[in-house]
Amino acid sequence: MVESPPPVPPVAPAPRFVVPWEAEAPGEDDSSVTTSNRQGSITTETTDTPTLELPENINVPLPLPHRPPGHTPPSVTTRSGRRVTPNRFYFNESHANTAYLDTFSPEHQGETCKHSILQPDCSRTAEPHPAALLASTISSFVSSASDPDTMTFAEAMQAPDRAEFIKAMHKELADHIGRKHWKIVPLSAVRAPKHAIPMVWAMKRKRNPVGEIIKWKARLCAGGHRSVENIDYWSTYSPVVSWSTVRLMVVFALLNDWHMQSIDFVLAYPQAPVKTDIYMKPPRTPPGFVIPDLPSPLDRVSKVYKLIQNLYGLKDAGKTWADYLKKGLLQRGWKASEVDSCLFTKK
């Protein structure tokens with residue numbers, strides 16, 4: 001007796017290709033559909049005819065849509081009346097129907113970025129309403145003005161704990177003088193178009209989570225608002241790490257059981273040298289206060305500080321520190337990321 005072979009399971013139909021956006025989709029009364037074969041040609045078949053059969057282990061990528069000649073992307077008018085036109089090099093109407101792993105980047109135009117999944121998608125962002133911008137500005141001003149722990153030099157000298165702020169001023173000056181962040185030069189050494197900018201005190205009380213005051217801080221800053229562009233500074237852009245990068249590295253650390261540690265640089269900005277000659281007037285002090293390197297009242301009038309190291313408050317202070325930190329990391333074998341310039345790795 002001959003046994004019959006087991007029944008063969010039905011073969012699943014081969015997948016159809018999506019209709020390219022350049023071609024017209026079939027109407028409701030049409031009994032045919034349009035498909036694309038592996039060579040990219042277009043064929044028409046009836047719904048009763050089986051589609052093109054392909055081996056199951058072959059993954060045929062879908063062709064990326066292209067912008068037709070003469071097609072102009074539509075412009076969008078924001079609430080403030082500004083007209084915004086999407087970039088014609090990467091805009092097309094089928095982005096919503098096509099899955100992409102690559103996003104547009106002006107620095108990698110014409111090439112494929114391997115890690116562009118971390119780049120934000122700016123195609124759906126909208127400009128905020130002018131009233132919202134005004135409300136945000138007023139809110140930030142009110143919140144900063146209502147903070148009793150952040151104050152100016154004049155306000156700190158009128159506070160009941162002014163003695164603690166004076167101690168913090170002595171410590172701040174001693175730190176700068178001990179680290180040789182500037183040198184003293186006569187006022188006549190300042191030649192036009194250079195001029196001496198003021199020094200500004202930023203006072204703040206620091207509290208613990210309970211609300212108790214744990215430190216009185218006196219930060220000595222440069223009056224960058226008196227700096228002149230193309231004379232005292234040039235470029236001011238400083239990169240900022242993306243939160244996507246931070247979250248990604250935390251996930252990697254958790255998955256690989258890496259050790260995580262945060263580092264706080266003490267007087268970070270003054271560790272970088274300045275890029276141009278910056279002159280500053282001596283800071284304001286309360287009566288009876290003695291500046292260690294300018295003990296005489298006459299010295300405060302006839303002499304100025306010439307910066308050697310970078311200082312808080314300068315227009316390009318953030319960029320100067322970022323360039324100095326990047327240079328030091330690269331010299332020590334670290335490698336900067338191609339996606340986020342603030343991410344460095346080392347094997």
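Which residues does methionine 280 touch, not counting residues up to four places away in sequence? Select methionine 280 and display its surroundings: the residues touched are Trp182, Ala196, Ile197, Met199, Ala222, Val304, Tyr305, Leu307 and Leu311. The model on display is predicted, and this tour begins in its largest nonpolar core.

**The largest core**

Select next Met169, Trp182, Trp201, Met203 and Met280. Of the 27 residues in the largest nonpolar core, these touch the most other members. Colouring by secondary structure shows where the core comes from: α2 (153-157), α3 (162-178), β8, β9 and β11 each supply at least two residues. Helix α3 gives the largest share, five residues. Apart from this core lies another, of six residues, among them Leu267, Ala272, Tyr312 and Trp321. Tyr312 and Trp321 will return later in the tour.

**The sheet and the hairpin**

Now select strands β6, β11, β10 and β7. In that order they make up an open sheet of four strands with mixed pairing. At the edges stand β6 (182-186) and β7 (196-197), each of which pairs on one side only. Focus on β6 and β11, which are joined by five bridges in the antiparallel sense. Here valine 185 stands opposite valine 304 in β11. In general, strands of a sheet pair through backbone hydrogen bonds, either parallel or antiparallel.

Move to residues 199-207 and 213-222, which are strands β8 and β9. These two strands run antiparallel and are joined by nine bridges. Lysine 206 can be found opposite lysine 215 in β9. The two strands form a hairpin with five residues between them, and glycine 211 in the turn has a positive phi of about 110°.

**The aromatic pairs**

The whole structure holds four aromatic pairs. Select tyrosine 269 and tyrosine 312 to see one of them: the ring centres are 4.7 Å apart and the planes meet at 20°, so the pair is stacked. Tyrosine 269 belongs to the loop between α4 (243-256) and β10 (279-280), and tyrosine 312 to the loop between β11 (303-307) and α6 (317-331); the pair therefore ties together parts that are 43 residues apart in sequence. Is each ring buried or exposed? Tyrosine 269 is partly exposed at 25% relative accessibility, whereas tyrosine 312, at 18%, counts as buried. Add arginine 219 to the selection: its charged end sits over the ring of tyrosine 312, 4.3 Å from the ring centre.

Continue to tryptophan 321 and tyrosine 324. Their ring centres lie 6.4 Å apart with the planes at 35°, so this pair is tilted. The two residues are three apart in helix α6, which means that about one helical turn separates them. Tryptophan 321 is buried, at 12% relative accessibility, while tyrosine 324 is partly exposed, at 39%. Include Phe265 in the view, and one aromatic cluster of Phe265, Trp321 and Tyr324 appears.

**Where to read with caution**

Finally, colour the protein chain by pLDDT. The average is 75, and 59% of the residues score at least 70. Select residues 14-47, where pLDDT is below 50; this stretch has 52 contacts in the model beyond near neighbours in sequence. Then select residues 89-126, where pLDDT also stays under 50 and the model has 35 contacts beyond four places in sequence. Where pLDDT is low, the predicted coordinates should not be read in detail.

How values were computed. Residues are numbered from 1 along each chain as its sequence is written. This is a predicted model: local features need pLDDT of at least 70, side-chain atom pairs count only at pLDDT 80 or more; totals for chains, interfaces and linings use all residues. Side-chain values use heavy atoms; hydrogens and water are left out. Rings of Phe, Tyr and Trp (its six-membered ring) pair if their centres lie within 6.5 Å; planes under 30 degrees apart count as stacked, over 60 as edge-to-face and the rest as tilted. Buried means under 20% relative accessible area, exposed over 50%, partly exposed in between (1.4 Å probe, protein chains only). A charge sits over a ring if NZ of Lys or CZ of Arg is within 6 Å of the ring centre and within 35 degrees of the ring normal. Two strands pair if DSSP finds at least two bridges between them. A nonpolar core is a set of buried Ala, Val, Leu, Ile, Met, Phe, Trp, Tyr and Cys residues joined through side-chain atoms within 4.5 Å. Contact means heavy atoms within 4.5 Å. pLDDT is the predictor's confidence in each residue, from 0 to 100.
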